[in-house]
Amino acid sequence: DGDRRGYLGQVSFLAGYSHFNSTSPTLRGAFVREHILCQAVPDPPAGVNTAIPEATEQAATLRDRVQAHMEDPTCRSCHQIFDPIGLAAENYDGIGVRRELDNGAPIDASGSLDGTEFNTLSDLAEALHAHPRLPACNLAKLTRYALGRRADDGEQDLMEAMTTLYAARDHRLQPLLLEFVQTPLFRTIDPARAVDPVSDTDEEAP
């Protein structure tokens with residue numbers, strides 16, 4: 001399966017970000033925004049109906065059915081941020097099995113990520129690889145994992161230099177790790193500055 005590339009093609013992602021009885025473009029797309037691009041995804045408004053309409057002959061695929069959220073002004077502002085991304089994974093069902101049809105209708109996995117068009121999950125991976133937010137987000141995640149905190153204001157020049165180097169090396173992780181462990185940021189860890197890495201985020205609005 002040539003379309004099953006990287007983490008987004010793994011069953012751990014595809015099944016983990018689905019519902020018990022269906023896929024979820026919303027969960028899958030929100031994961032990409034939050035964890036790959038470090039962008040904050042707002043919570044749904046209080047009292048809003050988040051249920052997806054049942055499949056019909058006129059709206060067989062999940063793409064057709066989530067379109068209702070895209071047309072509702074209350075839902076559109078948020079769902080347009082992540083649903084088009086999550087729909088790229090619709091060729092994989094709720095347990096990650098490859099499929100071409102949804103309720104007997106052909107699946108359309110095309111969409112757009114911040115102006116970059118894609119037609120398949122593999123195309124989405126390429127778009128993410130080229131996304132300008134990817135290097136800084138990956139480095140921020142690495143920093144919080146390695147240090148137990150995020151870099152502070154006095155360390156931003158080093159972070160920016162590392163981000164530029166990471167991007168210049170085609171986002172290859174091994175050279176980044178080798179460079180990172182040689183920096184003062186890693187070699188002079190101060191335990192008193194450690195914080196909960198789960199609650200300490202670098203997310204920004206898309």
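Biologist: What makes Cys78 too far for a bond with the closest cysteine sulfur?

Modeller: In this predicted model, the closest cysteine sulfur to that of Cys78 is in Cys75, 8.3 Å away. A disulfide needs the two sulfur atoms within 2.5 Å, so 8.3 Å is too far for a bond. Looking from the other end, Cys75 has its closest cysteine sulfur in Cys78, again at 8.3 Å and too far for a bond.

Biologist: Are those two buried or exposed, and how do you know?

Modeller: Buried means under 20% relative accessible area. Cys75 comes out at 7%, so Cys75 counts as buried. Cys78 is at 14%, so Cys78 counts as buried too.

Biologist: Which cysteines do form a disulfide, then, and how do you know?

Modeller: Cys38 and Cys137 do, with their sulfur atoms 2.1 Å apart. The cut-off is 2.5 Å, so 2.1 Å qualifies as a disulfide. The structure holds one disulfide, and both Cys38 and Cys137 are buried.

Biologist: Why is the disulfide of Cys38 and Cys137 called right-handed?

Modeller: Check the torsion about the S-S bond: the value is about 80°, so the disulfide is right-handed.

Biologist: What makes you say that the pair ties together parts that are apart in sequence?

Modeller: Cys38 sits in the loop between α2 (25-36) and α3 (62-71), while Cys137 belongs to helix α6 (residues 134-147), so the parts being tied together are 99 residues apart in sequence. Cys38 also follows α2, and its phi is positive, near 55°.

Biologist: How do you know that the span of α2 agrees with what a helix should have?

Modeller: Take 1.5 Å a residue: the 12 residues of α2 should then span 16 Å, and the end C-alpha atoms are indeed 16 Å apart, so the two agree.

Biologist: Which residues of α2 are buried?

Modeller: Pro25, Arg28, Gly29, Ala30, Phe31, Val32, Arg33 and Ile36. Each of them is under the 20% cut-off.

Biologist: Why are α3 and α4 called oblique to each other?

Modeller: Their axes cross at roughly 130° and come within 6 Å. Roughly perpendicular covers 65 to 115 degrees, and roughly antiparallel starts over 145. An angle of roughly 130° fits neither, so α3 and α4 are oblique.

Biologist: Which residues meet in that contact of α3 with α4?

Modeller: From α3 come Val66, His69, Met70 and Glu71; from helix α4 come Pro73, Cys75, Arg76, His79, Gln80, Asp83 and Pro84. By type, the contact divides into five nonpolar, three polar and three charged residues.

Definitions and conventions:
Residues are numbered from 1 along each chain as its sequence is written. This is a predicted model: local features need pLDDT of at least 70, side-chain atom pairs count only at pLDDT 80 or more; totals for chains, interfaces and linings use all residues. Side-chain values use heavy atoms; hydrogens and water are left out. Helices (H or I, at least four residues) and strands (E, at least two) are DSSP runs, numbered from the N terminus. Buried means under 20% relative accessible area, exposed over 50%, partly exposed in between (1.4 Å probe, protein chains only). The expected span of a helix is 1.5 Å times one less than its number of residues. Axes are lines fitted to C-alpha atoms, for helices over the stretch in contact, and angles run from 0 to 180 degrees between N-to-C directions. Contact means heavy atoms within 4.5 Å. Ala, Val, Leu, Ile, Met, Phe, Trp, Tyr, Cys and Pro count as nonpolar, Asp, Glu, Lys and Arg as charged, and the others, Gly among them, as polar.
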